[in-house]
Amino acid sequence: MNAFLFVIFLFCNLVTVLICRYAYGKPWEYSQGMLFGVHIPATELHQKEVDGLCKTARNRWKTFQNVNLILGIGICFICFADFEIFLLIFTLWIIQYVAGIYYLIVGTHRRMYALKIRNHWVDERSKRTVRTDMGVCEPGKKEISVRMHLLVLLLILIFGSKVLCTSNPVDEAYTGWIFWGVTAGLSLVFLGFHRWIMEKSSVMYCEPEEENQKLNQRARRAWSAGIFRADMMNAAAGLAFLLFWSMQKAVWGVVFYSVLELSAVVFLLVPVLREDSRRRAFLAADPGWHDTDDDEYWKNGWYSNPDDPRLLVQDRLSSTNFTFNMARPAAKVICVILTAVVAVTLIGTLAILFAFQNARTQFLAEGDSYSFSSVWYHSEFQSSDIEEIRLIDQLPEESFTKVNGGAADEYCIGHFRGQESGKCMMYLKNDAAPVLEIRLKDEVIFANSTDPCETQEWYEAITGSL
């Protein structure tokens with residue numbers, strides 16, 4: 001398990017750092033009349049303060065990314081020592097990484113804007129109150145239809161349900177159904193995102209209307225291709241997991257699912273980044289087209305334009321992203337909700353893992369009634385329900401599948417199903433022996449303590465009343 005977690009987190013960390021490193025391009029290079037997302041005259045590019053800001057930003061960005069690439073690889077080795085400690089360090093690392101990127105990108109943008117204002121590099125002739133095009137560009141012939149996602153969704157629903165219902169999987173192990181639902185849900189998200197891309201307002205890349213129309217059509221074509229390919233990879237990931245899961249090889253299913261879902265991100269970004277590079281080169285050929293200075297709405301590092309009715313706009317600092325118009329009340333509400341969801345999910349996940357890692361099995365005997373509990377799992381039974389009870393050195397030599405609970409190298413707690421034993425409840429520390437096996441009429445309970453004498457006491461307390 002530790003080796004499996006090491007590989008998964010190593011792959012995720014590498015992909016995360018590499019994507020973030022190159023998603024923002026090279027903002028210190030003059031492009032489309034801007035440095036760090038701020039319009040400045042080309043004549044001021046070699047001004048001493050500008051040169052210094054560019055050099056410092058470039059060096060800090062490369063150093064930050066190189067250091068975090070090494071850290072992202074290094075912390076994965078902690079998986080072999082203690083997964084609990086690794087998860088805590090990983091969480092702290094990812095928080096500082098995101099915060100560091102924000103500081104380097106937005107902080108430099110603000111410094112560049114302050115330098116611009118201080119030196120009065122504002123051409124009032126090119127400044128506009130609103131810089132939007134509320135029209136939708138005409139659809140092109142090569143754009144992938146949104147309806148194609150319905151075929152992908154239909155494949156997920158039909159093939160997935162067939163695998164789940166006919167492959168004789170563990171009938172109570174609804175993990176497969178959860179992955180199936182998540183895969184179908186992501187497909188719906190891709191469908192909705194694709195539709196929004198096709199119907200959103202045109203972006204003002206340049207002044208000539210015909211050229212701007214062509215650029216928007218090409219951008220829509222790139223996004224439609226990327227989104228559809230990502231949807232297909234998502235479907236492949238979900239169905240691959242279901243196939244392996246139905247064959248009782250869930251670990252391999254998770255491996256393929258993780259790799260294919262990460263590949264979906266690559267499939268989404270590649271055509272978009274390629275088109276973004278072409279557009280930048282095209283616009284750079286005629287700097288005269290960049291005649292609008294709307295930096296006032298981006299001065300804080302995010303977009304805030306009360307005269308713009310759009311909720312989502314293309315990000316100035318990374319053209320492959322979309323950002324909220326923070327002047328809209330709905331944007332603030334959504335950001336607060338998303339932040340709360342991420343915080344609760346992060347804290348909740350850590351709390352759950354710590355609870356399992358430090359779990360202790362509690363045994364209670366009251367007359368002829370007995371109970372075992374650990375974390376939030378509980379089993380209660382009567383003496384009359386017991387068909388067989390014994391102390392064994394280890395779990396029976398059969399395959400056990402987790403239904404609902406926690407399973408790691410150190411523990412197995414919650415609902416499981418054995419290939420021969422059937423429905424099981426486990427309250428186990430895997431490195432402790434003996435194991436108390438209690439066979440009831442409708443399930444089997446496996447429990448032990450880190451103290452062998454305590455497990456023996458449980459056994460004697462129950463058998464004493466039989």
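Buried, as used here, means under 20% relative accessible area, exposed means over 50%, and partly exposed covers what is in between. Keep that handy for the exercises below, and remember that this is a predicted model.

**Exercise 1. Classify D295 and K116 by accessibility, then work out which parts of the chain the pair ties together.**

Step 1: take D295. Its relative accessibility is 1%, so D295 counts as buried under the 20% cut-off.

Step 2: do the same for K116. Here the value is 1% as well, and K116 therefore counts as buried.

Step 3: check the contact. A salt bridge needs a Lys or Arg side-chain nitrogen within 4 Å of an Asp or Glu carboxyl oxygen. The D295 and K116 side chains pass, with 2.7 Å from N to O.

Step 4: place both ends. D295 sits in the loop between α7 (250-284) and β3 (312-314), while K116 belongs to helix α3 (residues 83-118), so the salt bridge ties together parts that are 179 residues apart in sequence.

Step 5: look for further partners. K116 and D295 belong to a network of salt bridges that also takes in D294 and R316. Over the model, the count comes to twelve salt bridges.

**Exercise 2. For the salt bridges E143 with R220 and R218 with E275, find what each one links and say whether the residues are buried or partly exposed.**

Step 1: start with E143 and R220. Their closest N and O atoms are 3.0 Å apart. This pair links distant parts of the chain, with E143 in the loop between α3 and α4 (148-166) and R220 in helix α6 (residues 209-246), 77 residues apart.

Step 2: add the burial. E143 and R220 are both buried.

Step 3: move on to R218 and E275, whose closest N and O atoms are 3.1 Å apart. Again distant parts of the chain are linked: R218 is in helix α6 and E275 in helix α7, 57 residues apart.

Step 4: compare each end with the cut-offs. R218 has 25% relative accessibility, so R218 counts as partly exposed. E275 is buried because its relative accessible area is 7%.

**Exercise 3. Work out the geometry of the ring pair W196 and F322, then do the same for F241 and Y257.**

Step 1: get the overall tally. Searching the whole structure gives 32 aromatic pairs.

Step 2: apply the angle rule to W196 and F322. Planes over 60 degrees apart count as edge-to-face. The ring centres of W196 and F322 are 4.9 Å apart and the planes stand at 80 degrees, so this pair is edge-to-face.

Step 3: locate the two rings. W196 is in helix α5 (residues 175-199) and F322 in strand β4 (residues 322-324), so the pair ties together parts that are 126 residues apart in sequence. W196 counts as partly exposed because its relative accessibility is 27%.

Step 4: repeat for F241 and Y257. They form an edge-to-face pair, with 6.4 Å centre to centre and 70 degrees between the planes. F241 lies in helix α6 and Y257 in helix α7, 16 residues apart. Both rings belong to buried residues.

Step 5: look past single pairs. F9, F64, F86, F90, W93 and Y97 are joined by ring pairs into a cluster.

**Exercise 4. Why do C12 and C79 lack a disulfide bond to the closest cysteine sulfur?**

Step 1: recall the limit. Two cysteine sulfur atoms must be within 2.5 Å.

Step 2: test C12. Its closest cysteine sulfur is in C76 at 8.7 Å, which is too far, so there is no bond. C12 counts as partly exposed because its relative accessibility is 25%.

Step 3: test C79. The closest cysteine sulfur is again in C76, and 6.0 Å is too far for a bond. C79 is buried, with a relative accessible area of 1%.

Step 4: widen the search. The whole structure has zero disulfides.

**Exercise 5. Which strands pair with β13, and in which sense?**

Step 1: take β11 (residues 422-429). It pairs with β13 in the parallel sense over four bridges, and C424 has V444 as its bridge partner.

Step 2: take β12 (residues 435-440). β12 and β13 run antiparallel, joined by four bridges. R439 has V444 as its bridge partner in β13. Three residues lie between β12 and β13, which form a hairpin.

Step 3: check the faces of β13 (residues 444-447). V444 and F446 on one side, and I445 and A447 on the other, are all buried, leaving both faces covered.

Key:
Residues are numbered from 1 along each chain as its sequence is written. Side-chain values use heavy atoms; hydrogens and water are left out. Helices (H or I, at least four residues) and strands (E, at least two) are DSSP runs, numbered from the N terminus. Buried means under 20% relative accessible area, exposed over 50%, partly exposed in between (1.4 Å probe, protein chains only). Rings of Phe, Tyr and Trp (its six-membered ring) pair if their centres lie within 6.5 Å; planes under 30 degrees apart count as stacked, over 60 as edge-to-face and the rest as tilted. Two strands pair if DSSP finds at least two bridges between them.
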